[in-house]
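Trainee: Could you take me closely through one part of this model, beginning with a pair of neighbouring strands in the first chain and working outwards from there? I would like one connected account rather than a list.

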Protein chains: 2
Amino acid sequence: MRVLIVEDDTEILRLLATALTSAGYAVDTAGDGEDGHHLGSTESYDSIILDLGLPKLDGLSILERWRKEGITTPVLILTARDSWTEKVKGLRAGADDYVAKPFQMEEVIARIEALIRRAKGIVNPVLTIGPLTLDTAQSTVFRDGRPIVMTPLEYRLTAYMMMRHGAVISKTEITEHIYDQSFDCDSNVIEVLINRLRKKIGAEVIETRRGQGYVLAL
Amino acid sequence: MRVLIVEDDTEILRLLATALTSAGYAVDTAGDGEDGHHLGSTESYDSIILDLGLPKLDGLSILERWRKEGITTPVLILTARDSWTEKVKGLRAGADDYVAKPFQMEEVIARIEALIRRAKGIVNPVLTIGPLTLDTAQSTVFRDGRPIVMTPLEYRLTAYMMMRHGAVISKTEITEHIYDQSFDCDSNVIEVLINRLRKKIGAEVIETRRGQGYVLAL
DNA sequence: CCTTTCGCACCTTAAGCCAAGCTTAAAGAT
DNA sequence: ATCTTTAAGCTTGGCTTAAGGTGCGAAAGG
């Protein structure tokens with residue numbers, strides 16, 4: 001799962017980034033409106049955290065532009081406490097949720113997770129596909145009820161595949177969603193990852209579609 | 001829908017042009033940077049395909065000029081494979097998407113269509129023809145609701161035929177659309193492919209028009 | 001006008017080759 | 001010390017080629 005944070009306060013940015021990273025997300029960041037807008041338009045994220053007060057280009061304008069461009073990525077906006085009008089404007093402009101500053105890290109993460117689940121059409125916070133169960137609150141995957149110890153990458157890949165179960169997922173899509181920016185995909189990392197994952201969750205769960213990608217079989 | 005292609009390799013240009021034309025687009029072409037820039041500035045297009053390595057005036061400069069001139073037409077850039085820096089530069093300069101060479105015709109067309117849809121704010125990735133359903137998001141074809149496992153070529157052919165259902169599609173058209181660089185050799189690849197496809201999706205779905213091509217019957 | 005014949009376009013099957021993907025180990029990064 | 005990436009050799013599925021079969025459709029003969 002890959003998230004973009006657009007925030008000019010470097011301290012808040014740092015905190016959010018580390019919190020999300022250790023929650024198992026691939027994180028990209030932007031310090032001003034222009035970069036933020038640009039990244040959001042051109043890269044593929046599963047969710048975006050957007051501050052409203054930004055240099056160069058303010059959050060609301062960015063959001064409006066994205067929506068005009070047809071970008072439907074769920075957006076969580078950060079606003080100053082008690083600013084009713086901003087909240088309304090934000091939701092009007094197409095935001096999916098909002099959090100007032102100052103905030104609890106936990107809350108932001110929980111809401112991001114809810115947004116992503118909602119966007120992928122998953123209602124229950126715990127997702128079960130065949131023998132596998134994904135608990136995002138615990139960042140844990142279970143096979144037949146038993147927890148499986150995973151590395152961050154393994155967990156991200158599993159979570160992503162479970163949320164898109166049944167779909168053929170290409171290697172490009174995988175790299176785009178479990179790695180952050182600047183990753184040169186001229187190697188067999190994905191294959192190695194898939195290999196390790198198969199050993200952990202069972203080889204029969206992940207089907208190979210030669211020349212197309214992988215499918216999480218039901 | 002009108003598209004401009006700026007590309008110096010005449011073979012690639014021809015392939016792109018014919019592919020887009022038969023996909024229902026009006027196509028203009030330019031063989032070098034100056035012509036390309038000029039056309040893009042003075043005519044109005046729904047989308048532009050821009051090669052980065054061009055004689056006279058390179059792609060990046062053209063793109064920058066257009067954006068300075070206030071031209072917001074969605075631009076898809078073509079770059080050499082693995083050139084991460086070029087991709088970043090292109091997206092920085094205001095490109096909306098990019099495809100690495102060598103590329104699949106189908107992918108370019110799909111991305112162009114996505115760009116245009118995005119610009120106009122429409123989404124509909126599922127196409128149903130008779131008992132067949134094409135879900136491009138999942139890269140899967142369904143027959144009577146059941147997924148059919150296909151090889152890359154089979155999938156491309158099916159997708160192409162479904163998008164042009166009812167039309168007679170010649171073998172030449174098929175080779176030009178589902179193969180990246182046109183290979184001209186008199187072999188029976190297409191017949192073999194069609195044969196395998198019929199076994200998977202049902203023989204009655206694909207009609208033969210002797211001496212003309214094939215039709216996806218409704 | 002109907003029938004037969006013949007050529008050509010298309011169908012079918014199977015074998016071989018190549019590249020995509022698998023696997024393992026070791027080096028590199030954090 | 002753990003996790004990730006690189007590298008190298010190996011395996012296998014999908015694509016192509018080739019060879020023989022089938023049937024359409026046109027032209028010639030009845």
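Mentor: In this predicted model, the residue of E4(A) that serves as bridge partner to Ile49(A) is Leu76(A). That pair belongs to a ladder in which strand E3 (residues 47-51) of chain A is joined to E4(A) by four bridges, with the two strands running parallel. Strand E4 itself spans residues 75-80 of chain A, and five of its six residues are buried, so the rest of the structure largely encloses this strand.

Leu76(A) also leads on to a helix, for it is one of the residues in contact with Leu115(A) once the neighbours of Leu115(A) within four places in sequence are left aside; the others are Ser47(A), Pro74(A), Asp96(A) and Asp97(A). Leu115(A) sits in helix H5 of chain A, which covers residues 105-119. Its C-beta atom has 21 C-beta neighbours inside 10 Å, and because the threshold for a buried residue is 20 or more, Leu115(A) counts as buried. As for separation along the chain, Leu115(A) and Thr73(A) are 42 residues apart in sequence, yet their C-alpha atoms are 9.4 Å apart in space. For the chain as a whole, 58% of the contacts in chain A with a separation of 6 or more are between residues 24 or more positions apart. Chain A has eight helices and 12 strands, and of its 218 residues 36% are buried.

Further along chain A there is an open sheet of four strands, ordered E6-E7-E8-E9 and paired in the antiparallel sense. Strand E6 (126-129) and strand E9 (146-148) of chain A are at the edges of this sheet, and each has a single partner strand, so one side of each is left without a neighbour in the sheet. From one strand to the next, the twist averages 30 degrees. Within the sheet, strand E7 (residues 132-135) and strand E8 (residues 140-143) of chain A run antiparallel and are joined by four bridges, and Leu134(A) has Val141(A) as its bridge partner in E8(A). The loop between E7 and E8 of chain A holds Ser139(A), a residue that has a positive phi of about 50 degrees although it is not a glycine. With 17 C-beta neighbours inside 10 Å, Ser139(A) counts as partly exposed. H6(A) lies across E6, E7 and E8 of chain A and runs at about 110 degrees to E7(A).

A similar question of backbone geometry can be put to the second chain. Asp144(B), which is not a glycine, has a positive phi of about 50 degrees, and its place is the loop between strand E8 (140-143) and strand E9 (146-148) of chain B. Asp144(B) counts as exposed, with 10 C-beta neighbours inside 10 Å.

Chain B also contains an open sheet of three strands in the order E10-E12-E11, with antiparallel pairing. Here strand E10 (168-169) and strand E11 (206-209) of chain B take the edge positions, each with a single partner strand, so one side of each has no neighbour in the sheet. E11(B) and strand E12 (residues 213-216) of chain B are paired antiparallel over four bridges, and Ile206(B) stands opposite Leu216(B) in E12(B). Helix H7 of chain B, residues 171-178, has Ile174(B), His177(B) and Ile178(B) buried. Viewed down the axis of H7(B), the buried residues fall within an arc of 80 degrees, so they line one face of the helix.

The account ends at the DNA. Strand D is surrounded by 20 residues, the closest being Thr151(A), Leu153(A), Ser187(A), Thr151(B) and Ser187(B). At least two residues of the surface near DNA strand D come from each of helix H6 (152-163) and H8 of chain A, and likewise from each of helix H6 (152-163) and H8 of chain B. By class, this surface near DNA strand D has nine nonpolar, seven polar and four charged residues. DNA strand C has 18 residues around it, and the closest are Glu191(A), Asn195(A), Thr208(A), Asn195(B) and Thr208(B). For that surface, the elements giving two or more residues are helix H8 (189-201) of chain A and helix H8 (189-201) of chain B, and its classes are four nonpolar, eight polar and six charged residues.

Terms used:
Residues are numbered from 1 along each chain as its sequence is written. Chains are lettered from A and ligands numbered from 1 in the order in which they are written. This is a predicted model: local features need pLDDT of at least 70, side-chain atom pairs count only at pLDDT 80 or more; totals for chains, interfaces and linings use all residues. A residue is near a molecule or strand if its C-beta atom, placed from the backbone, lies within 6 Å of it. Ala, Val, Leu, Ile, Met, Phe, Trp, Tyr, Cys and Pro count as nonpolar, Asp, Glu, Lys and Arg as charged, and the others, Gly among them, as polar. A residue is buried if 20 or more other C-beta atoms lie within 10 Å of its own, exposed if 12 or fewer, and partly exposed in between; C-beta atoms are placed from the backbone. The arc is that of the directions from the helix axis to the C-beta atoms. Two strands pair if DSSP finds at least two bridges between them. Axes are lines fitted to C-alpha atoms, for helices over the stretch in contact, and angles run from 0 to 180 degrees between N-to-C directions. Two residues are in contact if their C-beta atoms, placed from the backbone, lie within 7 Å.
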